[in-house]
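Dear colleague,

Here is the structure that I promised to hand over, with the sequence alongside. Please look through it before you read the notes that follow.

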Amino acid sequence: MNKTYQIQTVRTEKEMADALSVRRAVFIEEQQVPEELEIDEHDAASSGTIHFVAYDGQTPVGASRLRPYAPGVGKIERVAVQKTERGTGLGRLIMQAMEEVAREQNYETLKLNAQTHAQRFYEKLGYEPHGDVFDEAGIEHIAMVKKLK
Ligand code: COA
């Protein structure tokens with residue numbers, strides 16, 4: 001049976017803490033990304049970043065962030081689904097929620113750096129790879145782009 005998730009932009013300190021708890025579990029604990037790389041200046045309240053959090057009931061199970069990158073270009077980062085919820089379509093729902101907000105913000109293009117294991121996930125959502133594979137935090141990445149209009 002399909003679960004119903006609630007995905008929203010972060011508006012309160014509690015929701016921010018919930019989003020960070022998912023990122024912490026997925027990136028810092030599971031993927032061993034150093035905390036000082038995972039939590040950065042784009043998480044500061046004044047940064048203009050829009051954070052997203054997904055709930056299953058009261059439990060935070062997904063997170064991501066969208067930030068201004070260049071004129072007309074938004075950057076999607078930190079897309080994370082708790083291990084127990086993967087393969088349920090939640091990742092796609094989070095991406096769709098971000099794209100809806102990106103259109104409202106009048107972004108023409110979305111950019112992201114995909115971990116290469118997730119490249120197919122983003123391709124299915126219309127993102128195209130650009131350039132060569134590179135290393136970030138000890139993990140292989142590839143740049144990907146999607147035109148929104
Ligand atoms: N490789 C190939 N296809 C994948 C995939 C993968 N790693 N992950 C998802 N897909 C496919 C699914 O099969 C599904 O295809 P379908 O539409 O044909 O059924 C589609 O992509 C949507 O999958 P979904 O269930 O929404 O993905 P998810 O909820 O498992 O979330 C991630 C995907 C990548 C966000 C999740 O695996 C995750 O959080 N991983 C750990 C953190 C991470 O690496 N994030 C990416 C940083 S760039």
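In what order do the elements of the protein chain run from the N terminus on? They run β-α-α-β-β-β-α-β-α-β-β, which comes to four helices and seven strands, where helices (H or I, at least four residues) and strands (E, at least two) are DSSP runs numbered from the N terminus.

Please keep in mind that this is a predicted model, in which local features need pLDDT of at least 70 and side-chain atom pairs count only at pLDDT 80 or more, while totals for chains, interfaces and linings use all residues. Residues are numbered from 1 along each chain as its sequence is written, and side-chain values use heavy atoms, with hydrogens and water left out.

As for overall form, the C-alpha trace of the protein chain spans about 40 × 40 × 35 Å along its principal axes. Of the 149 residues in the protein chain, 46% are buried (under 20% relative accessible area, with a 1.4 Å probe and protein chains only). Among contacts (heavy atoms within 4.5 Å) between residues at least 6 apart in sequence, 58% join residues at least 24 apart.

The largest pocket (an open set of points on a 1 Å grid over the protein atoms alone, where a 1.4 Å probe fits, with protein on both sides within 12 Å along at least five of seven lines) holds about 1000 Å³ of space, a volume being the space filled by probe spheres set on the points. Its lining (residues with an atom within 4 Å of a point) has 42 residues, of which Phe27, Val79, Gln115, Ala118 and Tyr122 are the closest to the centre. Strand 4 gives the most to this lining, with seven residues.

With best wishes

Note on methods: Buried means under 20% relative accessible area, exposed over 50%, partly exposed in between (1.4 Å probe, protein chains only).
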